[in-house]
Amino acid sequence: MSRRRVLAVLLVGAAGLGGLAGCRTAPSVAAYVGQTQVSVAELDDAVARRLADPDIAAFVGDGEAAFTRQVLSLQVTEAVHDAAAQRLDVEVTDADVRDRIGQLLDGSDPAAVFAQVARQQGASEADVVENVRQQLIRQRLAAAVGEADLSEAGLRARYEQVRESLGQVELGLVTVPDQAAADAVLARLTADPAAYPAVAAQYAGPNTLPQIEARPPADLPQVLAAEVARTAPGQGFTLAVPQAGGVVVGFVRAVVRPTFEEVRDELAEQALADADAVGQQLVSAVRDDLDVVVNPRYGELTEGQVVPADGGVVQLLADAGAAPAGD
């Protein structure tokens, strides 16, 4: 599905909502999100529940106004994600959220992590759970519109795309004074790769590696990168490099690439991050369409966050590992 078509699907119904903007100013409503309302009573109750936690209360201190904006931002964001999920028929179950939290915790004590988040960000356990739910919604929105493939087949396809870049070159470098010595060293290493340490010891210096090392292509010396790339495993090359003090003999013992199974988890996290980035754009489009109106008593909505009307910024919980929030 094209990006233009995706936005057309997500923005269906915009005309029906636009006429509500002028009359959505009831003092008992903290925010309007499309046809959903966050009442002042609901907001006050949400703030009070969080402040009952001593860690959150200590975080807030005398900044309750800023904290109220933070909580209202979370409520608005939740409603926007719900609307986006409904429009594309995306579902995230409680079990899905529990499984993802387990992956993110990776054996850490949940109580300790949630307590740390409360102390550093003023976010409750329920806030963290909701944040993870929203991440899953965004990822599945991207998949639903064909902008992400989170399946096993999709991960294998991603692996094939990046496989070459994941390889590490087992490389030896010996710097010798002249071409004759370089030819002799290369001939010996090609015939007997196990002799490398002894050969390197004969030409010890700052530009000779005492042992063959495994390096990713990105970490290769730029002056040698092209020669290394052209050299087959078990072969070598010579290259005059005046700044190195002579002729460099390069010997490529092997090129080692990880298997799909070895990098699967990393590929999966990369795929999820890419999907989340697309999902954020889709959610942003829905938020714009919903014509979110915040009671001026609390501030204004800027980039999805409720901020003071004078332009100050409240740092909100972005994820369980985000920096501490503040005014």
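Modeller: Let's start with a term. A salt bridge is a side-chain nitrogen of Lys or Arg within 4 Å of a carboxyl oxygen of Asp or Glu. Keep in mind, too, that this is a predicted model.

Biologist: Fine. With that cut-off, which side chain of opposite charge is nearest to R287, and how far away is it?

Modeller: That would be D288, at 4.5 Å. The cut-off is 4 Å, so R287 has no salt bridge, even though R287 is buried.

Biologist: Where does R287 sit, and what is R287 in contact with?

Modeller: R287 belongs to helix 13. If you skip the neighbours within four places in sequence, its contacts are V80, V292, L301, E303 and G304.

Biologist: Let's turn to pairs that do form. What is the general idea, and how many salt bridges does a search of the whole structure find?

Modeller: In general, side chains of opposite charge can pair when their charged atoms come close. Here the search turns up 17 salt bridges. Take D45 and R49: their closest N and O atoms are 2.4 Å apart. Both residues lie in helix 3, which covers residues 40-51, and they are four residues apart, about one turn of the helix.

Biologist: Are D45 and R49 buried or exposed?

Modeller: D45 is partly exposed, with a relative accessible area of 40%. R49 is exposed, at 52%. The line is drawn at 50%, so R49 falls on the exposed side.

Biologist: That one stays within a helix. Which parts does the salt bridge between D82 and R133 tie together?

Modeller: D82 and R133 pair with their closest N and O atoms 2.8 Å apart. D82 lies in helix 5 (residues 64-87) and R133 in helix 8, so this pair ties together parts that are 51 residues apart in sequence. D82 is partly exposed at 34% relative accessibility, whereas R133 is buried, with a relative accessible area of 17%. These two also belong to a network of salt bridges, in which D82, E130 and R133 are linked.

Biologist: And how do I read the salt bridge between R257 and E164?

Modeller: Read it as a link between loops. The closest N and O atoms of R257 and E164 are 2.7 Å apart. R257 lies in the loop between strand 6 (246-256) and helix 13, and E164 in the loop between helix 9 (152-162) and strand 3 (168-176), so the pair ties together parts that are 93 residues apart in sequence. R257 is partly exposed at 29%, and E164 is partly exposed as well, at 48%.

Biologist: What share of the contacts in the protein chain between residues at least 6 apart in sequence join residues at least 24 apart?

Modeller: It's 71%. The protein chain has 327 residues, and 42% of them count as buried. Its secondary structure comes to 13 helices and nine strands. For one spatial pair, try A144 in helix 8: A144 and A85 are 59 residues apart in sequence, with their C-alpha atoms 9.9 Å apart. A144 is partly exposed, at 43% relative accessibility.

Biologist: On to pockets. How much space lies in the second largest pocket, and which residues are closest to its centre?

Modeller: The second largest pocket holds about 420 Å³ of space. It is lined by 15 residues, and R100, Q103, L136, Q139 and L272 are the closest to the centre.

Biologist: Which helices supply at least two residues of that lining?

Modeller: Helix 6 (94-105), helix 8 (125-144) and helix 13 (260-290) each do. Helix 13 gives the largest share, six residues. By type, the lining of this pocket has six nonpolar, two polar and seven charged residues.

Biologist: Last topic, backbone angles. What is the phi of D106, and what is the phi of D291?

Modeller: First, the general idea: most residues other than glycine have a negative phi. D106 goes the other way, with a positive phi of about 50°. D106 lies in the loop between helix 6 and helix 7 (110-121) and is exposed, with a relative accessible area of 67%. D291 has a positive phi too, of about 55°. D291 lies in the loop between helix 13 and strand 7 (293-294), and at 23% relative accessibility D291 counts as partly exposed.

Key:
Residues are numbered from 1 along each chain as its sequence is written. This is a predicted model: local features need pLDDT of at least 70, side-chain atom pairs count only at pLDDT 80 or more; totals for chains, interfaces and linings use all residues. Side-chain values use heavy atoms; hydrogens and water are left out. On a 1 Å grid over the protein atoms alone, a cavity is a set of points where a 1.4 Å probe fits but cannot get out, and a pocket is an open set with protein on both sides within 12 Å along at least five of seven lines; lining residues have an atom within 4 Å of a point. Grid points are joined across faces, edges and corners, and a volume is the space filled by probe spheres set on the points. Ala, Val, Leu, Ile, Met, Phe, Trp, Tyr, Cys and Pro count as nonpolar, Asp, Glu, Lys and Arg as charged, and the others, Gly among them, as polar. Buried means under 20% relative accessible area, exposed over 50%, partly exposed in between (1.4 Å probe, protein chains only). Lys and Arg count as positive and Asp and Glu as negative; His and the chain ends are not counted. Contact means heavy atoms within 4.5 Å.
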